[in-house]
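Trainee: Could you take me through one part of this structure in close detail? I would like to see how a single helix sits among its surroundings, and then how that fits into the rest of the chain.

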Amino acid sequence: MIGRLNHVGVATPSIEASVALYRDMLGATKIGTPFDMPAQGVRVCFVDLPNSQIELIEPLGDASPIHGFLAKNPKGGQHHVCFEVEEILAARDELRAKGATILGTGEPRIGAHGTPILFIHPKDMGGVLIELMESPKGEGH
């Protein structure tokens, strides 16, 4: 079921400060333009790596799911790991059959890459919040 690592999500109180860190300290050169995802309550920005991406995630207001994470980790930190799967509904059903808890309603929603996503509760994944994302279809994928 598990596919390639798509990205590592990093919560941050400031995308601009995090972009500067990845650019100036680590030499990242392919950095996307930040964009808001109001339905998810976040602002995101992708840092492209040769084999994956870093997804910088900043809260959009106090109702953001990232707000609580940053309350516990004011400087930010690793939030989740995202793996691609071929069919999100088949992956969800297989995980549920194995006893995993799917967060939210259990129905996929559209993520920052424009494909369906869902999250698996960290208690079922060794303490790591796992995002599953349906592999992008089309040219270059």
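Which residues of helix α2 are buried, and what covers them?

Mentor: Happy to. In this predicted model, helix α2 spans residues 65-72, and its buried residues are I66, F69 and L70. Look down the axis of α2 and those buried residues fall within an arc of 95°, so they line one face of the helix. There is a simple background to this pattern. An α-helix has 3.6 residues a turn, so residues three or four places apart point the same way. Now turn to the face of α2 that points away from the buried side: there you will find the exposed residues A71 and K72.

As for the cover, strands contribute to it. Among what lies over the buried residues of α2 are β1 (5-11), β3 (42-48), β4 (53-59) and β5 (77-85).

One residue of β5 makes a good place to zoom in. H79 sits in that strand, and its relative accessible area is 19%; the cut-off for buried is under 20%, so H79 counts as buried. Leaving aside residues up to four places away in sequence, H79 touches I66 and F69, both of them on the list of buried residues of α2. The other partners of H79 are G9, V10, A11, I57 and L129.

Just before the helix, the loop between β4 and α2 holds G61. With a relative accessibility of 43%, G61 counts as partly exposed, because that class lies between the 20% and 50% limits. If you want a sense of distance, pick G126: G61 and G126 are 65 residues apart in sequence, and their C-alpha atoms are 29 Å apart in space.

It is worth setting α3 beside α2. In α3, which covers residues 88-97, the buried residues are I88, A91, R92 and L95. Seen down the axis of α3, they fall within an arc of 100°, so they too line one face of their helix. The cover over them includes β5, β7 (116-120) and β8, and β5 is also among the strands covering α2. After α3 comes G99, which has a positive phi, near 95°.

Strand β8 (residues 130-134) contains I130, which counts as buried because its relative accessibility is 7%. Not counting residues up to four places away in sequence, I130 touches V81, F83, L118, F119, I120 and M125. I130 and G9 are 121 residues apart along the chain, yet 9.8 Å separates their C-alpha atoms. G9, you may recall, is one of the residues that H79 touches.

Stepping back to the whole chain, there are three helices and eight strands, and from the N terminus on they run β-α-β-β-β-α-β-α-β-β-β. The radius of gyration is 15 Å, close to the 14 Å that the globule rule gives for 141 residues, so the chain is as compact as a globular protein of that length. Its C-alpha atoms fill a box of roughly 45 × 35 × 25 Å along the principal axes. Of the 141 residues, 43% count as buried. Among contacts between residues at least 6 apart in sequence, 54% join residues at least 24 apart.

Conventions. Residues are numbered from 1 along each chain as its sequence is written. This is a predicted model: local features need pLDDT of at least 70, side-chain atom pairs count only at pLDDT 80 or more; totals for chains, interfaces and linings use all residues. Side-chain values use heavy atoms; hydrogens and water are left out. Buried means under 20% relative accessible area, exposed over 50%, partly exposed in between (1.4 Å probe, protein chains only). Helices (H or I, at least four residues) and strands (E, at least two) are DSSP runs, numbered from the N terminus. The arc is that of the directions from the helix axis to the C-beta atoms. Contact means heavy atoms within 4.5 Å. The radius of gyration is taken over C-alpha atoms; the globule rule is 2.2 Å times the number of residues to the power 0.38.
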